[in-house]
Amino acid sequence: MTRDERGSAAILVVVLLPLLLTILTSVVQLGAVRVIAGRVASAADLATLAATDDQDDVALVESGRLLLAADAEAVARRFFALNLAPIADQLGVAPDVAAAEADVAVFGLVPAVDPITGWRYDRPTVRIAARVPVRNPAFGPPLFGATTMVNVRAASAPR
């Protein structure tokens, strides 16, 4: 006697389809958040580079030493907000709010040790440490919530 197994593949697909769709959604969600996190990290890196590039020209001419400008913190915050602006629709807060809430530290007197990261700086350095909320894609909220916090740290020193 032979059994008729026609249609069993269709039942298997119907049973496993929700699991497969959940896995696919999770992978796409994680990929999207990773891409946005990379852009936030790039924004922080570029902001610290801009702030360290803003040298105290008078001190450089007089002493020959690279010194950070007095407004290095403000420059870092401004450039962080400007660099976040292209992805503003993907952030949970406005770029200027994210920049204002970021921990920006200027280490002008060296050597110095960063109390947050424990990093040692032998050159004048600007460091940004930020927690930026990133919106999850449209299918993310039911599974992961509306936002994901992205932590970034960036530091730059003139050479």
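Here are some numbered notes on the sheet, the helices packed on it, the salt bridges and a few odd spots.

1. First, a caveat: this is a predicted model. Please read the contacts and distances below with that in mind.

2. The sheet. Three strands make up an open, antiparallel sheet, and the order across it is β1-β4-β5. The edges are taken by β1 (103-107) and β5 (147-156); each has a single partner strand, so one side of each has no neighbour in the sheet. From one strand to the next, the twist averages 10 degrees. As a reminder, strands in a sheet are held together through backbone hydrogen bonds, in either the parallel or the antiparallel sense.

3. Pairing of β4 with β5. Strand β4 covers residues 125-135, and its antiparallel pairing with β5 runs over 10 bridges. If you want to check the register, V134 has T148 of β5 as its bridge partner, and P133 sits opposite M149, also in β5. In a regular strand, side chains alternate between the two faces of the sheet, which is handy to remember when you step along this pair.

4. Pairing of β1 with β4. On the other side of β4, the antiparallel pairing with β1 extends over five bridges. Here a good landmark is V106, whose bridge partner in β4 is V126.

5. How covered is β4? Mostly: of its 11 residues, nine are buried. R127, which lies in strand β4, has a relative accessibility of 2% and so counts as buried, the limit being under 20%. I come back to this arginine in point 7.

6. Helices on the sheet. Helix α1 (residues 8-53) lies across β4 and β5, and the angle it makes with β5 is about 30 degrees. Helix α3 (residues 72-84) also packs on the sheet, where it touches β1 and β4; relative to β4, its direction is at about 30 degrees.

7. The salt bridges around R127. The structure has four salt bridges, and R127 takes part in a network of them together with D103 and D114. Its side chain meets that of D103 at 3.3 Å, N to O. That pair joins distant parts of the chain, since R127 belongs to strand β4 and D103 to strand β1, 24 residues apart. With D114, the closest N and O atoms of R127 are 2.5 Å apart. D114 is in the loop between β2 and β3 (120-121) while R127 is in strand β4, so this bridge ties together parts 13 residues apart in sequence. Which members of the network are buried, and which is partly exposed? R127 and D114 are both buried, whereas D103, at 29% relative accessibility, counts as partly exposed.

8. A salt bridge out on the surface. R120 and D122 form another salt bridge, with the closest N and O atoms 3.0 Å apart. R120 counts as exposed at 53% relative accessibility, and D122 counts as exposed at 53% too. The general point is simply that side chains of opposite charge can pair when their charged atoms come close.

9. A nonpolar patch. I11, L12, V15, L16, L19, L20, I23 and V27 form a nonpolar patch on the surface, and together they have about 760 Å² of accessible area. Among them, I11 is in helix α1, as is L12. I11 has a relative accessible area of 56% and so counts as exposed, the limit being over 50%. Where does I11 sit relative to D56? The two are 45 residues apart along the chain, and their C-alpha atoms are separated by 72 Å.

10. A cis proline. Most peptide bonds are trans. The one from V110 to P111 is cis, its omega being near 0 degrees. P111 itself is in the loop between β1 and β2 (112-113), in case you want to look at that spot in the model.

11. One last spot. A85 is found in the loop between α3 and α4 (95-101). It is partly exposed, with a relative accessible area of 41%. Along the chain A85 and M149 are 64 residues apart, and 17 Å separates their C-alpha atoms. M149 is the β5 residue that stands opposite P133, as in point 3.

Methods:
Residues are numbered from 1 along each chain as its sequence is written. This is a predicted model: local features need pLDDT of at least 70, side-chain atom pairs count only at pLDDT 80 or more; totals for chains, interfaces and linings use all residues. Side-chain values use heavy atoms; hydrogens and water are left out. Two strands pair if DSSP finds at least two bridges between them. Helices (H or I, at least four residues) and strands (E, at least two) are DSSP runs, numbered from the N terminus. Axes are lines fitted to C-alpha atoms, for helices over the stretch in contact, and angles run from 0 to 180 degrees between N-to-C directions. Contact means heavy atoms within 4.5 Å. Patches are made of residues with over 30% relative accessible area and no salt bridge: like charges are joined within 9 Å, nonpolar side chains (Val, Leu, Ile, Met, Phe, Trp, Tyr) within 5 Å. Accessible areas come from the Shrake-Rupley method with a 1.4 Å probe; for residues, only the protein chains shown count as cover. Buried means under 20% relative accessible area, exposed over 50%, partly exposed in between (1.4 Å probe, protein chains only).
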